[in-house]
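Please find below a colleague's note on the structure under review. It is arranged as numbered points.

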Amino acid sequence: MSEAEYLKAADAASPVYMTILGCGRLGSAILARLLKSLEERMKTPGAADDDQIDLDILPTRFLACVGTSRSVEALARRLKEYTVSPIQTKSVGIEDSIDSSQPQGAEISDPAVDIWRGRNTEATKRAKVVLMACQPGQVPGILAEEGMVDALEGKLILNICAGSSEKLFQEQMQIARRTNSVNTKHSIPDGQHNNPQYHFVHAMPNPASMVGESATVLSPRPADFPAVYSTITNWVFSRIGPIFEVAPDLMNAASMVAGCSVGFFAPTLMGISAGAVAAGLEEKTALRMAAQAMKGTAEMILKADEDPKELMDKVATPGGCTERGLETLLSPDYKGTITKAYEIAITRAVRRAFELGNH
């Protein structure tokens with residue numbers, strides 16, 4: 001699909017909609033970063049890093065779907081926490097009615113968000129881009145909603161559900177279509193609509209999305225993947241941090257490195273902080289100092305291309321305190337524990353994918 005065809009299909013006179021199905025913490029973090037990026041671009045034309053992308057092809061209207069009234073209120077509060085500028089805070093409209101005749105949010109300038117309770121299919125019909133941010137176990141139920149499979153036809157589907165894959169998604173789509181056919185008592189002729197056309201990308205961001213520092217793993221896109229959808233995919237996920245495209249059979253391993261590491265780094269910070277507190281430092285100060293040191297280490301590796309081993313040698317003076325501490329950290333037990341933690345996490349990821357495939 002060319003950019004011209006995309007704009008024609010989307011109606012170039014209308015804004016491009018993006019629907020977020022299951023807009024929880026990760027979905028709302030991504031949404032907040034998109035809003036921030038759009039606002040910065042509109043405030044200072046030419047200054048944004050994505051300024052070379054035609055704004056007409058990017059989503060500027062967002063429909064965030066959640067399951068309960070409480071979730072509607074929580075999402076509104078969360079977006080206001082993430083988006084601190086007045087324009088972004090005002091761009092949150094709430095629509096909490098399942099009656100399609102009711103108003104559909106406030107009339108507000110770009111970028112705009114409507115938060116809906118339910119109405120997943122209606123929201124999907126309006127969108128060109130769909131972000132599936134729900135829990136993995138909720139996907140079959142959402143796809144089974146009447147009209148949902150057809151609503152996804154031709155759309156760009158960005159799936160951030162853990163343990164997902166295009167193969168699994170295809171299977172879930174087929175099951176949903178057959179279920180709907182039985183429920184509506186309409187049979188599907190052989191060969192008709194057996195392969196709904198959509199454009200799928202599996203992505204695994206991590207919780208650092210909320211501060212624009214995620215390491216997001218993307219599944220590879222086929223050669224015939226529409227260029228305009230690739231542009232949108234890269235734009236969406238680069239708003240939350242660097243992106244890494246890996247082969248499908250490496251998605252689990254890569255996702256564990258990029259995702260679980262956030263959790264795995266936390267005990268190290270806690271241990272350093274606890275040692276400092278025991279020596280008399282105030283806990284909050286100790287934790288922030290340790291976190292800043294960790295951030296500085298990461299920046300030296302990412303920006304200065306430092307080798308971790310060489311970096312370690314640079315800071316460890318022979319006979320000094322760092323070298324003495326490293327003797328404990330580099331013991332076989334410590335390194336083995338870290339490696340084992342990743343192996344266990346990857347094994348669980350594979351098992352979870354298997355469980356989802358047999359849901």
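The points below go from the chain as a whole to particular strands, a loop and a surface patch.

1. Overall composition. The model is a predicted one. Its protein chain contains 14 helices and nine strands. Of the 359 residues in the chain, 41% count as buried.

2. Contacts and surface. When contacts in the protein chain between residues at least 6 apart in sequence are considered, 71% join residues at least 24 apart. The chain exposes about 19,300 Å², and carbon and sulfur atoms supply 56% of that area.

3. Strand 5 and its neighbours. Strand 5 comprises residues 129-132. Strand 1 (residues 16-21) runs parallel to strand 5 and is joined to it by four bridges; within this pairing, Thr 19 stands opposite Val 130. Strand 6 (residues 156-159) also pairs with strand 5 in the parallel sense, over four bridges, and here Met 132 of strand 5 stands opposite Asn 159.

4. Side-chain directions in strand 5. Val 129 and Leu 131 point one way from the strand, whereas Val 130 and Met 132 point the other way. All four of these residues are buried. Thus Val 130, which faces Thr 19 across the strand pairing, is among the buried residues of strand 5.

5. Pro 205. This residue is located in the loop between strand 7 (199-204) and strand 8 (216-218). Pro 205 counts as buried because its relative accessible area is 7%, and the cut-off for buried is under 20%. Leaving aside residues up to four places away in sequence, Pro 205 touches Leu 26, Ile 30, Ile 160, Ser 214, Thr 216 and Ile 240. The C-alpha atoms of Pro 205 and Gly 27 are separated by 9.9 Å, while the two residues are 178 residues apart along the chain.

6. Ser 209. The loop between strand 7 and strand 8 also holds Ser 209. Ser 209 is classed as buried because its relative accessibility is 0%. With residues up to four places away in sequence again left out, its contacts are Leu 26, Ala 29, Arg 33, Ser 214 and Ile 240. Leu 26, Ser 214 and Ile 240 are thus touched by Ser 209 and also by Pro 205.

7. Nonpolar surface patch. Leu 329, Leu 330, Tyr 334 and Ile 338 make a nonpolar surface patch of about 320 Å². Tyr 334 belongs to helix 14, which spans residues 332-357. Is Tyr 334 buried, partly exposed or exposed? Tyr 334 counts as partly exposed because its relative accessibility is 33%, a value between the cut-offs of 20% and 50%.

Definitions and conventions
Residues numbered from 1 in each chain as written. Predicted model: local features only at pLDDT ≥ 70, side-chain atom pairs only at ≥ 80, totals over all residues. Heavy atoms only, no water. Helix = DSSP H or I, 4+ residues; strand = E, 2+ residues; numbered from the N terminus. Buried < 20%, exposed > 50% of the residue type's maximum accessible area, 1.4 Å probe, protein only. Contact = heavy atoms within 4.5 Å. Patch = residues over 30% accessible without salt bridge, like charges linked within 9 Å, V, L, I, M, F, W, Y side chains within 5 Å. Areas by Shrake-Rupley, 256 points an atom, 1.4 Å probe, with all protein chains shown as cover. Salt bridge = Lys/Arg side-chain N within 4 Å of Asp/Glu carboxyl O. Pairing = 2+ DSSP bridges.
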